[in-house]
Amino acid sequence: MTFDEKTNMYYPSEDIIENANVKEYEQLYKYSIENRDAFWAEQAEHLQWYKKWDKVVDESNKPFYKWFAGGKINVVHNAIDRHLATPNRNKLALIWEGENGDVRTYSYHALNREVSKFANILKSMGVKKGEIVTIYMPQIPEQIYAMLACAKIGAVHSVVYGGFSHEALGDRVRDAESRVVVTADGGYRRGKVIDLKSIVNDAIDNCPTVEVVITVKRTAHEVVMVNDRDYWYHDLVSLPIASSVCETEQLDANDPLFLLYTSGSTGKPKGLIHSHGGYSVYTSTTHRMVFDIKPEDRYWCAADPGWITGHSYLVYSPLMNGSTIFIYEGAPNHPYPNRWWSMIEKYGINILYTSPTALRGLMRYGDSWVKKHDLSSLRLLGSVGEAINPETWKWYYSVVGNEKCPIMDTWWQTETGGFMITPLPIIPLKPGSASKPFFGNEIGIVNEHNQEVAAGEEGSLVIKSIWPGLATGIYNDPQKFIDTYWKKYEKEGWYEPGDSAKRDSDGYIWIIGRSDDVIKVSGYRLGTAEVESALVNHPSVVEAAVIPLPHKLKGNAIHAFVILNNGLTGSKELATEIKNHVSKMMGPIAKPEEIIFTDTLPKTRSGKIMRRVLKARALGLDEGDLSTIEE
Ligand code: PRX
């Protein structure tokens, strides 16, 4: 890579361009827009189908688009089965390192056996096609087997992030009406055991649909097992029912693969649905093209499978592309801040995909922890979750990537399934810009009259086209899918992501941040309404409003304005108690940074809290138009 001071851009070296899977952007982009269906049909040919589609996309029931309608496929056939007939059979599919130093490796052949055993266990528990299985696990190989096992038999998985509280887990299990939950006795984090099984036990107390809990043993930690409900995985896997042979179910392209709950403007998280066909095509294509995947790559996506990044780019797309994936269980700085770098050296990782917040967390320890290690195996770097600030980008580029690895700053969402705005390794890079639309995507940045804003001006990001990775709905609430993403631009038929952005005169897109009631903390997505209801759930709090304020490590941190019950006065102790209450209700990521006691909150006449006013005040900025303010 070379840096050009005049343009302030970073240019790929000739060998990057020569060896890239995609060697040219503009013409292929033009082709993909003018020939959308042909472009996606060509990409779909990279996968194996039991039966080809009748129609690339059936648009008869907008916005519930059916990609590859009439086609028969299973993501597991593409992620595992088809590799068994090729030399990939004996290639490593996954390398796992536990925080305590345990290492396990599996070839594609071995992965197939493990997933088949898990699938047979699920079948023996009566799991049927279409049934939703909740998975609440640490980052251990069995988490991935459980996901793939569900997909293999046509069941739908709902992975809940292991950092969520029992209330948050319970909400998701109840919404999905899961009968079977898969968990572990615990996982390691900073040398301690996180007791997931107790959290599951507490959650299930209020989940009447749950009949079976399968528990994987990871630690020596004692857990409470309930008779006739709880089964140890190691007991089940030693039974004859757990055969290592299991046929993969031939599914319709639009059969659901998973639900993933995510936060929005309303209090209740919504279960976005992704389906086998379109999702497989979109994630495998973006992964192959943007990360420039080569057969010999060792690829590390450092996200947890509890989030969409883990689903799309840790589990599904790399396995579909036959990569060797690396998975690490624990904290990046345990026992020392060089843990990540030592593993990159030890396993010869070629591609690292992580978040700005993780990078900032490691950057603060200084360069020497990185420089201790030979990271010359790295070829390409990726970033996701929030805009990467140029300082962090430059550190990633020079200290981690040794000025030779392009950085793919990928903008996308749980709803989009895969990368929407992203560089390719062959295009010049601008630190902090997610660059250009991926193939097939028409991106707009519009003002309140739905007109494109001028270069350099801020506007609302919109997606004017449709793409195969788009979620196929919200579980149990089709109307919410319409209202949340398609209502605002109903006439135009555009998708509303809820972000604001700018486009510069070179056509590069710069994401500014959320323009709705969603807060990004350390790259995790939280709804203001969810945090506010957890605050109000505290017996001393009557009303609350939360806002994001810039934070050096987390990107944004939550600042909560609370009104106390009559007669109560705020204190440091009460503030700590309220913070801990939110953490217990929602999980540690939602814990407010600061509690500000107040007597009133700025509201519109219709009673809506004006968070922007609170934010402007806190930052000492202009409060803007106050004409609608009541108090
Ligand atoms: O605001 C954008 C931000 O993350 C939001 C989506 O969050 P989630 O569904 O949790 O998915 C995160 C992982 C894909 C977006 O609306 N976001 C994600 N990636 C970027 C980003 N903001 C700026 N730059 C990015 N690369």
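Tyr-489 and Trp-494 are both buried. In this predicted model, the two side chains form a tilted aromatic pair, with 5.4 Å from centre to centre and 40 degrees between the planes.

That is one case of a wider search. How many aromatic pairs does a search of the whole structure find? The count is 47. A pair of aromatic rings is described by the distance of the centres and the angle of the planes, and I will quote both for one more case. The ring centres of Phe-64 and Phe-481 are 5.3 Å apart and the planes make 35 degrees, so this pair is tilted. Phe-64 sits in the loop between strand S3 (55-58) and strand S4 (66-69), while Phe-481 belongs to helix H16 (residues 478-485), so that the pair links parts of the chain 417 residues apart.

Stay with Phe-481 for a moment. Its relative accessibility is 1%, and therefore it counts as buried; Phe-64 is buried as well. Beyond four places in sequence, Phe-481 contacts Pro-63, Phe-64, Leu-272, Ala-471, Thr-472, Gly-473, Ile-474 and Trp-486. The C-alpha atoms of Phe-481 and Pro-63 are 8.5 Å apart in space, with their positions 418 residues apart in sequence.

Pro-63 brings in the backbone. It is placed in the loop between S3 and S4, and a cis peptide bond with omega of about 0 degrees joins Lys-62 to Pro-63. Another cis peptide bond joins His-334 and Pro-335, with omega at about -5 degrees. Pro-335 is in the loop between strand S19 (324-328) and helix H12 (339-347).

Most residues other than glycine have a negative phi, and most peptide bonds are trans. On the phi side, I have two asparagines to mention. Asn-8 has a positive phi, near 60 degrees, and lies in the loop between strand S1 (2-4) and strand S2 (9-11). With 47% relative accessibility, Asn-8 counts as partly exposed. Asn-402 also has a positive phi, of about 50 degrees, and is found in the loop between helix H15 (390-400) and strand S22 (407-409). The relative accessible area of Asn-402 is 58%, which makes it exposed.

Back to the rings. Ring pairs join Tyr-25, Tyr-29, Phe-39, Trp-40, Tyr-282, Phe-438 and Phe-439 into a cluster. There are also arginines over rings. The charged end of Arg-172 is over the ring of Phe-164, at 4.5 Å from its centre. Arg-104 lies over the face of Trp-96, and here the distance to the ring centre is 5.5 Å.

Next, the nonpolar cores. In soluble globular proteins, nonpolar side chains tend to be buried together. The largest core here has 152 residues, and Phe-68, Leu-148, Phe-291, Tyr-316 and Trp-341 have the most contacts inside it. Which helix gives the most to this core? Helix H6 (residues 141-152) does, with 8 residues. Trp-341, leaving out residues up to four places away in sequence, touches Leu-352, Leu-362, Trp-369, Val-370, His-373, Leu-375, Trp-395 and Val-400. Apart from this core lies another, of 21 residues, including Ala-534, Ala-544, Ile-558 and Ile-578.

Ala-146 lies in helix H6. At 1% relative accessibility, Ala-146 counts as buried. Outside its neighbours within four places in sequence, Ala-146 is in contact with Phe-118, Ile-135 and Val-182. Its C-alpha atom is separated by 9.6 Å from that of Val-159, 13 residues apart along the chain.

Now a buried lysine. Lys-197 is part of helix H8 (residues 196-204). Its relative accessibility is 0%, so it counts as buried. What does its side chain reach? One partner is the side chain of Asn-201, in a polar contact at 2.7 Å. Another is the backbone oxygen of Val-224, at 3.0 Å. Leaving aside neighbours within four places in sequence, the contacts of Lys-197 include Thr-183, Asp-185, Val-213, Arg-229 and Asp-230.

Last, the ligand. Around it are 17 residues, of which Asp-409, Thr-410, Thr-414, Arg-514 and Arg-525 come nearest. A ligand nitrogen is 2.7 Å from an N or O atom in the side chain of Asp-409. A nitrogen atom of the ligand also lies 3.1 Å from a polar backbone atom of Gly-385. For Arg-514, a polar side-chain atom is 2.7 Å from an oxygen atom of the ligand.

Conventions. Residues are numbered from 1 along each chain as its sequence is written. This is a predicted model: local features need pLDDT of at least 70, side-chain atom pairs count only at pLDDT 80 or more; totals for chains, interfaces and linings use all residues. Side-chain values use heavy atoms; hydrogens and water are left out. Rings of Phe, Tyr and Trp (its six-membered ring) pair if their centres lie within 6.5 Å; planes under 30 degrees apart count as stacked, over 60 as edge-to-face and the rest as tilted. Helices (H or I, at least four residues) and strands (E, at least two) are DSSP runs, numbered from the N terminus. Buried means under 20% relative accessible area, exposed over 50%, partly exposed in between (1.4 Å probe, protein chains only). A charge sits over a ring if NZ of Lys or CZ of Arg is within 6 Å of the ring centre and within 35 degrees of the ring normal. A nonpolar core is a set of buried Ala, Val, Leu, Ile, Met, Phe, Trp, Tyr and Cys residues joined through side-chain atoms within 4.5 Å. Contact means heavy atoms within 4.5 Å. A residue is near a molecule or strand if one of its heavy atoms lies within 4 Å of it. A polar contact is a pair of N or O atoms within 3.5 Å; within protein, one must be able to donate a hydrogen and the other to accept it, and residues adjacent in sequence count only if both atoms are side-chain atoms.
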